[in-house]
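Work through the following exercises with the sequence and the structure side by side, and try each task before you read its solution.

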Amino acid sequence: MEVVILSGSKQIGKLAADAIEELVRRKPDAVLGLATGSSPLPTYDELAARHERDGLDFSRTQGFALDEYVGLPAGHPESYREVIRREFTNRVNIAPENVHGPDGTATDIPAACRAYEESIAAAGGIDLQLLGVGTDGHIGFNEPGSSFASRTRIKSLIEQTRRDNARFFSSLAEVPHHVLTQGLGTIMEARHVILVATGAQKAQAVRDFVEGPVAAICPASVLQFHPHATVLLDEAAASALKLADFYRHTYDNKPAWQGL
Ligand code: F6R
């Protein structure tokens with residue numbers, strides 16, 4: 001796991017966008033795993049700017065959402081399918097038919113989850129998965145206790161997560177209780193994962209998953225087993241890390257050819 005501590009979310013967005021740009025130029029039909037929430041927004045802004053300014057071309061890429069609420073009607077502005085369209089894919093030239101998400105409106109939920117796993121496999125697997133982390137250590141919506149072997153399935157949200165996400169809705173009561181999410185086993189198959197965390201409210205979760213034991217109580221800790229996991233933090237999110245100085249030293253002295 002590589003931990004990179006940067007001065008703010010703009011710098012984080014640029015570095016994550018560098019990795020995505022390098023991938024898309026090297027592999028124009030790359031498969032991107034897309035997170036929602038606040039953490040990836042500076043990365044999406046930066047990619048949209050590079051598309052506009054430099055013609056960065058996404059026409060052959062595919063996007064797969066990490067997760068989706070269950071029970072929001074199709075087209076609801078806070079459904080993750082809509083959020084991903086609005087915040088990213090409509091701002092670059094990814095073909096709408098190349099943007100996929102688990103179907104939170106399905107009547108047969110297990111079949112929809114199986115179909116989602118099959119569509120990821122049919123695309124050749126995810127090359128680069130963007131992630132945020134919840135204040136309880138969740139990735140995707142794999143709440144504490146999620147199996148490290150889990151695949152896309154329905155999960156219940158913990159109240160803390162519903163409260164954290166209530167800022168996107170007009171009241172807490174509107175935040176769904178259920179979601180479909182890629183499993184931890186699904187996420188672990190992405191070839192590269194980049195997790196972004198900013199702000200002091202993430203400091204404890206970051207310390208737990210980066211430096212704590214690997215345990216289902218902190219789902220993101222499974223990334224300690226990932227062969228290519230990059231963690232991009234601002235100073236506040238990094239503030240509880242024991243080895244922060246070591247991570248800074250390592251990154252500052254990293255060979256330029258290595259990239260993320
Ligand atoms: C979003 C997702 C969640 C968020 C996490 C952090 O698709 O899967 O795991 O990444 O809840 O959310 P923010 O970035 O809003 O703090």
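Helices and strands are DSSP runs, of at least four residues for a helix and at least two for a strand, and they are numbered from the N terminus. Keep in mind that this is a predicted model.

**Exercise 1.** Work out in which order the strands of the open sheet are arranged, and which strands stand at its edges.

*Solution.* Begin with the whole sheet, which is open, has seven strands with parallel pairing, and follows the order E1-E10-E9-E6-E2-E3-E5. Then look at the ends of that order: strand E1 (2-6) and strand E5 (99-100) each have a single partner strand, so one side of each is left without a neighbour in the sheet. Finally, take one pair inside the sheet, where strand E9 (residues 192-197) and strand E10 (residues 229-234) are joined in the parallel sense by five bridges. Within this pair, Val196 has Leu232 of E10 as its bridge partner.

**Exercise 2.** Describe the largest pocket by its volume and its lining.

*Solution.* The volume comes to about 480 Å³, and of the 27 lining residues, Gly37, Ser38, Ser39, Val133 and Lys202 are the closest to the centre of this pocket. Next, ask which elements contribute: helix H1 (9-26) and helix H5 (159-165) give two or more residues each to the lining, and H5 gives the most, with three residues. Sorted by character, the lining has nine nonpolar, 14 polar and four charged residues.

**Exercise 3.** Describe the second largest pocket in the same way.

*Solution.* This pocket holds about 350 Å³ of space, and of its 18 lining residues, Ala19, Glu22, Gln258, Gly259 and Leu260 are the closest to its centre. The largest share of the lining, six residues, comes from H1, while the lining as a whole divides into eight nonpolar, four polar and six charged residues.

Notes:
Residues numbered from 1 in each chain as written. Predicted model: local features only at pLDDT ≥ 70, side-chain atom pairs only at ≥ 80, totals over all residues. Heavy atoms only, no water. Pairing = 2+ DSSP bridges. 1 Å grid on protein atoms, 1.4 Å probe; cavity = no way out; pocket = protein on both sides within 12 Å on 5 of 7 lines; lining within 4 Å. Points joined across faces, edges and corners; volume = space filled by probe spheres on them. Nonpolar A, V, L, I, M, F, W, Y, C, P; charged D, E, K, R; others polar.
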